Amino acid sequence: MSRLLRVFGTPIRLWRGSLPVRVVASTLVASILVLGLGGWLLLQQVTAGVLDTKQRTALAEASVAYESAQRQLTAANASGTNVNEMLTQLAFEVANRGSVTDQYQVVVQGPVSDIRSGSIEAESVPESLRRTVSEADNLWITPTLVQYTDGSSEPGYAVGGSLLAPGAGRYQIYFIFPLTDEVRTLEVMQRAALTTGAVMVIALTLVSTMVARQVVLPVRRARLAAERLASGELGARMEVHGTDDLASLGTSMNRMATELQGQITQLEDLSRVQQRFVSDVSHELRTPLTTVRMASEMLYDSRDEFPPLMARSAELLHDEVERFQSLLDDLLEISRFDAGAAVLVAEPIDLADLTQTEIDALSGLADR
């Protein structure tokens, strides 16, 4: 499992973390699908066209050869020639005409066995075509697998019909048209389609890479500018070129950075005013607080001479003045930290003691 995660983890991370990778990969997959479908449809149409042309040509050639063979057979029969010799001579004469144009070979049904020309096997004629020819007149065509005496084979067409030998009956004749040239043509078309598809995929990949780069670079510059702004470089701006959507993005980013810089500057000014106000108030409060503190200490020192209620009031006044003095000292210390004149040093504190101090300070108020 861990090995699978390592194998598939890197592509997944690249897919999720890189916009150019997603654009190029999507374009590549879409290009392969579109080109594959287009190439398949094109090859189907070309194949259908080539085979249809070959079929019409084969029927035309077979029709001419069939009529010529019928005329020769009638004339030969009229002279009283032996039927087997007559059919053998006829088969080779017809085959010779076909071999001149490299169009077809011939198989003729003889009185004893099939008579075939060249290196073709009689099994090249499908049984279905033999049955059709034996049951009906006219010429019939069907796809077949052309078989040769050396064991090789190739696709082709078989055209069959019946020859009438006066005084001797009917004999079937078959014209076998190999698809050698057509197969070569289709193979060339397939190689050309594959080569063109591969070149197109590579070209589209390069184009998508260029497009992704053109789109991603402004986005990347915007990201870097945003990071610089986040790190405190308020003067960071994007370079804007043109008037397209990406240029509008850069203009909006720069406008946002300007507004942000203005707001931050305003907040800094307010913060400085606040710091100065706190510092001034703290200093101004020290003088009256000193007078009040001196009076509270005098009352606190003379509390034994007062009635109980006044003595308790003197103690509370002394404690609250001391607390106010402590708060004022803390406020002055905070103003020093804000101004950068002092560095904050954290110290451990006992929260239980702090809580108890606050409880003791407010216990009188709570009792009342």
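Which residues of helix α4 are buried? I started my notebook with this small puzzle, keeping in mind that the model is predicted.

**Entry 1: helix α4**

I looked up residues 127-135, which form helix α4, and found that Leu 129, Arg 130 and Val 133 are its buried residues. They cover an arc of only 105° around the axis, which puts them on the same side of α4. Then I turned to the face that points away from this buried side, and there I found the exposed residues Glu 127 and Glu 135.

**Entry 2: the span of helix α5**

Next I checked the length of helix α5, which runs over residues 180-230. With 51 residues at 1.5 Å a residue, I expected a span of 75 Å. The C-alpha atoms at the ends of α5 are 73 Å apart, which agrees with that expectation.

I also followed the axis and noted a bend of about 25° at Val 216. A proline, Pro 218, follows within four residues of that bend. Both Val 216 and Pro 218 are among the buried residues of α5. Others on that list include Glu 182, Leu 186, Gly 197, Thr 205 and Leu 229. After α5 comes Gly 232, and I wrote down that its phi is positive, near 110°.

**Entry 3: a nonpolar patch**

Which residues make the nonpolar surface patch of about 350 Å²? I found Val 207, Val 211, Val 215, Val 219 and Leu 249 there. Helix α5 gives the largest share of the patch, with 4 residues. I picked one of the patch residues for a closer look: Val 211 lies in helix α5. Its relative accessible area is 42%, so Val 211 counts as partly exposed.

**Entry 4: salt bridges within a helix**

Here is a reminder to myself: side chains of opposite charge can pair when their charged atoms come close. How many salt bridges does the structure hold? I noted 6.

I began with Asp 52 and Arg 56, whose side chains meet in a salt bridge at 2.0 Å, N to O. The two sit 4 residues apart in helix α2 (residues 19-78), so about one helical turn separates Asp 52 from Arg 56. Asp 52 is partly exposed at 36% relative accessibility, and Arg 56 is partly exposed at 49%.

Then I moved to helix α7 (residues 308-339), where Arg 312 and Glu 315 are 3 residues apart, again about one helical turn. Arg 312 forms a salt bridge with Glu 315, and their closest N and O atoms are 3.3 Å apart. I looked up the accessibility here too: Arg 312 is partly exposed, with 40%, and Glu 315 is partly exposed, with 25%.

**Entry 5: a salt bridge between two helices**

My last stop was Glu 358, which forms a salt bridge with Arg 323; the closest N and O atoms are 3.8 Å apart. Glu 358 lies in helix α8 (residues 351-367) and Arg 323 in helix α7, so this pair ties together parts that are 35 residues apart in sequence. Glu 358 is partly exposed, with a relative accessible area of 35%. Arg 323 is also partly exposed, with 37%.

Which residues are linked with Arg 323 and Glu 358 in a network of salt bridges? I added Glu 320 to my notes, as it belongs to that network together with Arg 323 and Glu 358.

Definitions and conventions: Residues numbered from 1 in each chain as written. Predicted model: local features only at pLDDT ≥ 70, side-chain atom pairs only at ≥ 80, totals over all residues. Heavy atoms only, no water. Expected span 1.5 Å × (residues − 1). Bend = angle between axes of the 7 residues up to and from the residue. Buried < 20%, exposed > 50% of the residue type's maximum accessible area, 1.4 Å probe, protein only. Patch = residues over 30% accessible without salt bridge, like charges linked within 9 Å, V, L, I, M, F, W, Y side chains within 5 Å. Areas by Shrake-Rupley, 256 points an atom, 1.4 Å probe, with all protein chains shown as cover. Salt bridge = Lys/Arg side-chain N within 4 Å of Asp/Glu carboxyl O. Arc of directions from axis to C-beta.
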